[in-house]
Amino acid sequence: MAATLFQPCLSRSRAIGFLMAIPNHKVSNGGVAQKVLTLETMNSNIKKVEYAVRGPIVVRAGAIRKELEQGVKKPFTEVISANIGDAHAMGQAPITFLRQVVALCVYPELLKSNEFPDDAKQRAQRILGGCGGGSIGAYSASQGVELIRNDVADYIEHRDGGLKADPNDIFLCTGASDGVVAMLKLLVSGEGKNRTGAMIPIPQYPLYSATLAELNSTMVPYYLDEDNNWSLDSAELQRALDEGRGVCQPRVLCVINPGNPTGQVLSRQNVEEIIKFAKKNNLFLMADEVYQDNVYAEGCAFYSFKKVLHDLGPEYNTSVELASFHSISKGYMGECGFRGGYMETVNLDPKVKEQLRKLVSCRLCPPVTGQAALDIVVNPPKPGEPSYEQFNEEKNNVLGTLAEKAKLTADMFNSIPGVTCNTVQGAMYSFPRITIPDKAIEAAKAKGQTPDDFYAHQLLEETGICVVPGSGFGQRPGTYHFRMTILPPTEKMKSLFVLFRDFHKRFTDQYT
């Protein structure tokens, strides 16, 4: 059999005969082997995965952009990608010091150049000293470069007012998403009604629902209170938990703070209530805190779950299990392409932590360039260093501009009849609610679309504005929303609102 397999001049008829002899290998009547991997034979869980942020409307936006480049006439001249939190794609300038250090790490010959400040060179040399062979091109430990994990621990300690962080509890990740997926993989187990359920906020970031679908786990949705600026209510958590227990075993509570797509910032009292709820119901807490630098509204502040958990005392801080996540893709950095982030675990069973280390080792290590960029975020220039003033100015300019656009967004949407928008307290998005006429709902149904998807597609085709339908994030039945980022430049945002206002009036008139 082996000799036949490797004969270079095997005739077609003999080859077909050989294939027929292989168990479970089917050959069509035309003599062509049927594909092994088909929609029918592939992993059925993957077919359940949906990720609206890069869904069909984004694909259509890309096609329209190409049509414009080819000279196809449209009622607009450009596609405005307001669908995703990709700061640099929207024109935000990178932070100079961060890029200087990463450039020096990638090409150490630049250390000889006089074009780079001394503190950038020293920082690059320090990072390279922690890398295998002194090269950023070497694999790191699967948990991340030790020196950088130490810096992350120092950053957390400073952020939380002196609360110690253990570098051994910190796992560097390929963006925060990597850590979220790894932790959910550890948590999901059981069969039938004993299968792990995860409590997810609605609206939610679709990474969570997509990952749970891939893992064949159950999403237990709890609704944020839109009438109270998307706050989180303990009674709603209890309702969702009770309902979830009828179909699965809820074991994890996921919280996004500041919120994506809703832009709310949890009060300290809210964070305490959530921790107490997790303790009472024996739930593992996952705190997505990637927008912790993005807090804009007066009276709002970011409170880390780790800090609040500690402050609640031994009854809570010795038992509640927590994983929190941060990323360099958001904040003032917006370095999405570097794919850098970290996860910190609290009160994790040591034996489970070993299993987590084993799990992350399967992907070898996160990108070391992303780890280097993360190090600049957690260990920025200090007062008195050559780059401090410029770094601080650039950081404050980015956050100040985002704060202005957050206010502008809510004010503009709320000036349009049939549209309401809560205050954008933080993060990078608004999630306005739109009134859709009954005739438009019927037209959407006839096309096999949800009403908000139908609305968003028409908005794109008529104005070039690309947003994500609210149904991709989840919303209360009978309500319709879309997510729009606040990242486009201010003048483009103003022109976008003029286009949107005119479209919404036309759409409403057309279907009323």
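Buried means a relative accessible area under 20%, exposed means over 50%, and partly exposed lies in between. The exercises below apply this to a predicted model.

**Exercise 1. Is serine 217 buried or exposed, and what does it touch?**

Step 1. Locate the residue. Serine 217 sits in the loop between α9 and β4.

Step 2. Apply the cut-off. The relative accessible area of serine 217 is 14%. Buried requires under 20%, so serine 217 is buried.

Step 3. List the neighbours. Leaving out residues up to four places away in sequence, serine 217 touches Val188, Arg195, Thr196, Gly197 and Leu212.

Step 4. Look for a polar partner. A polar atom of the serine 217 side chain lies 2.5 Å from the backbone oxygen of threonine 196.

**Exercise 2. Find how many residues of helix α9 are buried, and what they pack against.**

Step 1. Count. Helix α9 covers residues 207–214, and six of its eight residues are buried. The helix is mostly covered.

Step 2. Name them. The buried residues are Leu207, Tyr208, Ala210, Thr211, Leu212 and Ala213.

Step 3. Find the surroundings. These buried residues pack against two helices and four strands by label: α3 (44–47), α8 (175–187), β3 (196–202), β4 (218–223), β5 (249–256) and β6 (284–288).

Step 4. Check the backbone past the helix end. Just after α9, asparagine 216 has a positive phi of about 55 degrees.

**Exercise 3. Describe the packing of α16 with α19.**

Step 1. Take the geometry. Helix α16 spans residues 388–414 and helix α19 spans residues 490–511. Their axes are 11 Å apart, at an angle of about 10 degrees.

Step 2. Classify. Angles under 35 degrees count as roughly parallel. The two helices, α16 and α19, are therefore roughly parallel to each other.

Step 3. Identify the contact. From α16 come Thr401, Lys405, Leu408, Thr409, Met412 and Phe413. From α19 come Thr490, Met493, Lys494, Phe497 and Phe500.

Step 4. Sort by type. The contact has six nonpolar, three polar and two charged residues.

**Exercise 4. Do the same for α4 and α18.**

Step 1. Take the geometry. Helix α4 (residues 56–69) packs on helix α18 (residues 451–463) at about 10 degrees, with axes 11 Å apart.

Step 2. Classify. Helices α4 and α18 are therefore roughly parallel to each other.

Step 3. Identify the contact. Pro56, Ile57, Arg60, Ala61 and Ile64 of α4 meet Ala456, His457, Leu460 and Glu461 of α18.

Step 4. Sort by type. This contact divides into six nonpolar, one polar and two charged residues.

**Exercise 5. Which peptide bonds between β5 and α11 (268–280) are cis?**

Step 1. Take proline 258, in the loop between β5 and α11. A cis peptide bond joins asparagine 257 to proline 258, with omega about -10 degrees.

Step 2. Take proline 261, placed in the loop between β5 and α11. The bond from asparagine 260 to proline 261 is cis, with omega near 20 degrees.

**Exercise 6. What are the phi values of tryptophan 230 and arginine 339, and how accessible are these residues?**

Step 1. Tryptophan 230 lies in the loop between β4 and α10 (234–244). Its phi is near 60 degrees, positive in a residue other than glycine. With a relative accessible area of 4%, tryptophan 230 is buried.

Step 2. Arginine 339 lies in the loop between β7 (322–327) and β8 (341–346). Its phi is positive, about 55 degrees, although arginine 339 is not a glycine. At 29% relative accessible area, arginine 339 is partly exposed.

**Exercise 7. Where does threonine 423 lie, and which residues does it touch?**

Step 1. Threonine 423 is in the loop between β9 (419–420) and β10 (429–430). Its relative accessible area is 41%, so threonine 423 is partly exposed.

Step 2. Beyond four places in sequence, threonine 423 touches Asn229, Gly263, Ala297 and Ala410.

Step 3. Threonine 423 and glycine 263 are 160 residues apart along the chain. Their C-alpha atoms are separated by 7.7 Å.

**Exercise 8. Where does pLDDT stay under 50, and how should that stretch be read?**

Step 1. Start with the whole protein. The mean pLDDT is 89, and 93% of residues reach 70 or more.

Step 2. Find the weak stretch. Over residues 1–10, pLDDT stays under 50. The model has six contacts beyond four places in sequence for these residues.

Step 3. Draw the conclusion. Predicted coordinates should not be read in detail where pLDDT is low.

Notes:
Residues are numbered from 1 along each chain as its sequence is written. This is a predicted model: local features need pLDDT of at least 70, side-chain atom pairs count only at pLDDT 80 or more; totals for chains, interfaces and linings use all residues. Side-chain values use heavy atoms; hydrogens and water are left out. Axes are lines fitted to C-alpha atoms, for helices over the stretch in contact, and angles run from 0 to 180 degrees between N-to-C directions. Angles under 35 degrees count as roughly parallel, over 145 as roughly antiparallel, 65 to 115 as roughly perpendicular and the rest as oblique. Contact means heavy atoms within 4.5 Å. Ala, Val, Leu, Ile, Met, Phe, Trp, Tyr, Cys and Pro count as nonpolar, Asp, Glu, Lys and Arg as charged, and the others, Gly among them, as polar. pLDDT is the predictor's confidence in each residue, from 0 to 100. Buried means under 20% relative accessible area, exposed over 50%, partly exposed in between (1.4 Å probe, protein chains only). A polar contact is a pair of N or O atoms within 3.5 Å; within protein, one must be able to donate a hydrogen and the other to accept it, and residues adjacent in sequence count only if both atoms are side-chain atoms.
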